[in-house]
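Thank you all for making the time. I would like to walk through one structure with you, a few pieces at a time, and please stop me wherever something is unclear.

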Amino acid sequence: MIQFPKGFVWGSATSSYQIEGAWNKDGKGPSIWDAFCQIPGKVHAGDTGNLACDHYHKLEEDIALMKAMGLKAYRFSIAWARILPKGKGEINLAGIQFYQNLIDQLLTQGIEPWVTLYHWDLPLALQFEDDGWLGEATVDHFAHYADICFEHFGDRVKNWITINEAWVVAMLGYGQGVFAPGRISNSEPYLAGHHLLKAHAKAVHIYRKKYQSTQKGRIGITNNCDWREPLTDTPKDKAAAERALEFFLGWFADPIYKGAYPETMIERVGDRLPSFTPAELELVKDSSDFFGLNHYTTMYAADADGKTMAASVYGNGGLSEDQNVNLSVDPNWEQTAMQWSIVPWGCSKLLTWIDARYDRPEIVITENGGAFNDQLVAGKVEDPQRIKYYQTYLEECYKVTKKGVNLSAYFAWSLMDNFEWASGYEKRFGLHYVDFDTLERTPKSSAKWLTNVIKNNGF
Ligand code: GAL
C-alpha cells in the first residue's frame, strides 16, 4: 500500500499558450509563439495555438473536469501579452478580468491555484524591441509584469512560479532554434539563461519586499531535468553523468541554492557564460521558497572524449561540445509517443540527487506525465500505458519520501490534450481527451485512475 504524507498536494498542470486559444481576443497582444507558428515548417502540420482547447471560453467546463477528478490544486500560466499586450506599458483590463474569473472559480470549487508567470509566451513586442531574453531590458519588463500580477491576484494566489523551464527557453529557443524565437547559437543560450535567472530573482525580490508579509504566499522557480545515468562504471562516465546534470539542472539551480554557476560550466563555457555582479547574486541566492521540478525521462551519459555527437534530438552540438558528454538510451526501454524513455527509477535517482546537492529542499513536482497515441473508441479512451507511467513514477516518488526526501506535491502533465509546442496537436499528454474538431473533452481511464489515487492519498 502506497500512502503519501498527509497534506500531500495533488494537482494537474497546463499553460496558457497550450490551452487558451483566443490569441487575439479582448485586447491580447501577440506572443513569440503566435508568430513562430506562422513560420512554415516550425510546427507539426502547421498547427497553431490560435484556438487550442479554447479554454478561454470554456472555463466553467474545464474547472468542472478538475472538480470531478478531485484535484486539490491546478497549475496554470498567465499569458503576459493578455495582461500587457506590448509586454510593457498599458494594462489590458480584460486580461486581468479573465484570470480573476479563473482564480475565483477555482477557489469556489476548493481548488488551489498555482500560477506560473512565464511559460514561454513572451509578448512579441519585447522580442522586436528588446531582443527578447537576450536583452537586459526584458529582465525589468518581467519584474514589472510580475508586480502587476502580485498586485491583482496575490490576495488569492498563494503559490507562485516565476519561470517555467529556463533550460528549455534557453536551449530550445536560443540554442537549437526548435522553439520560439527559433534562434540557433552556442553562446546565446547562456546569455538568455542568465537573464531568465535575473528576471526570476527580481520578481521574487519584489514579491518578498512588497507582498509576501501581507499576502502570505510563496514563490519559486520550476526547472526541468532528465536523469543522467553513467553508461558504465568507469570514473570518466560517472563524471560525465554528473557534468550532464550540472549543465542541465545545476545551470539554474546552483546560482539559486549555492550562489554560483557550477564550476564545470564556468571552466568549459568560458566567457560565453556571463557572470553575476555581487548585488545581482544577492538577489539570486536563496530566491526560491520551494524546488519546482518538471521531470519526464532518463538517458545514459558517457564521456565523449572530445568526439561529441552531431546536433540531434539528443542536444545541440554546441552544448554537447561544452559538456563533452554523449547521451544514449537502452533500446529495451519502453518509450512514450515523444520517444522519451520510460524509466521510473531515474525519477527517484534525480529526487535523491536534488535532495543531497541542494541540502534537502522542499521539492514540488510541477510536471510529470507521458504522451501516448490515445484513441476515442465508442465514447471512451482507454490509456493503460499512461496509468502504468503514473503508477510506476509515483511508486518511485513514494520510495524517496519514505527515505526522507521532502516531496510535498505532484502535478500531472496535463489536465487535457493540448498544443504540444513543435509537435502541434499530434502528441497527447492529457488526462482528458480533446477532440480538436469539436473541442469536446472526454476523461481518459487515467483520469479515473488518478481520481482514486487522490481520494485515497495513495494506491
Ligand atoms: C514541458 C513543458 C510543458 C509540456 C511538457 C511536455 O517541458 O513545460 O509545456 O509541453 O514539457 O512536453
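When I speak of a helix here, I mean a DSSP run of H or I covering at least four residues, and the helices are numbered from the N terminus. Please also keep in mind that what you see is a predicted model.

With that in place, let me begin with leucine 196, which belongs to helix H9, the stretch covering residues 188–215. Is leucine 196 buried or exposed? Its relative accessibility comes to 1%, and since the cut-off for buried is under 20%, leucine 196 counts as buried. Leaving aside residues up to four places away in sequence, leucine 196 touches Trp133, Ile163, Ala166, Val169 and Ala170. As for histidine 152, it is separated from leucine 196 by 44 residues in sequence, and the C-alpha to C-alpha distance between the two is 23 Å.

Let me turn to helix H7, which is made up of 18 residues, 136–153. From its first C-alpha to its last, helix H7 reaches 26 Å, which is close to the 26 Å expected at 1.5 Å a residue. The buried residues in H7 include Thr138, Val139, His141 and Phe142, and further along the helix we find Cys149, Phe150 and Phe153 among them.

Next comes the sheet, where three strands form an open arrangement in the order S6-S8-S9, with mixed pairing. Strand S6, residues 227–230, and strand S9, residues 325–328, stand at the edges with a single partner strand each, so one side of each is left without a neighbour in the sheet. From one strand to the next, the twist averages 40 degrees. How many bridges join strand S8 to S9? There are four, and the two strands run antiparallel, with S8 spanning residues 298–303. Within this pairing, alanine 302 stands opposite asparagine 326 in S9. Lying across S6 and S8 is helix H14, residues 344–357, and helix H14 runs at about 95 degrees to S6.

Finally, the ligand, which is surrounded by 13 residues, the closest being Gln18, His119, Glu165, Glu367 and Glu420. In the side chain of glutamine 18, an N or O atom is 2.7 Å from an oxygen atom of the ligand. For asparagine 164, an N or O atom in the side chain is 2.9 Å from an oxygen atom of the ligand, and a polar side-chain atom of glutamate 367 likewise lies 2.9 Å from a ligand oxygen.

I will stop there and take your questions.

Definitions and conventions: Residues numbered from 1 in each chain as written. Predicted model: local features only at pLDDT ≥ 70, side-chain atom pairs only at ≥ 80, totals over all residues. Heavy atoms only, no water. Pairing = 2+ DSSP bridges. Axes fitted to C-alpha atoms, helices over the stretch in contact; angles between N-to-C directions. Contact = heavy atoms within 4.5 Å. Buried < 20%, exposed > 50% of the residue type's maximum accessible area, 1.4 Å probe, protein only. Expected span 1.5 Å × (residues − 1). Near = heavy atom within 4 Å. Polar contact = N/O pair within 3.5 Å; in protein donor to acceptor, adjacent residues only side chain to side chain.
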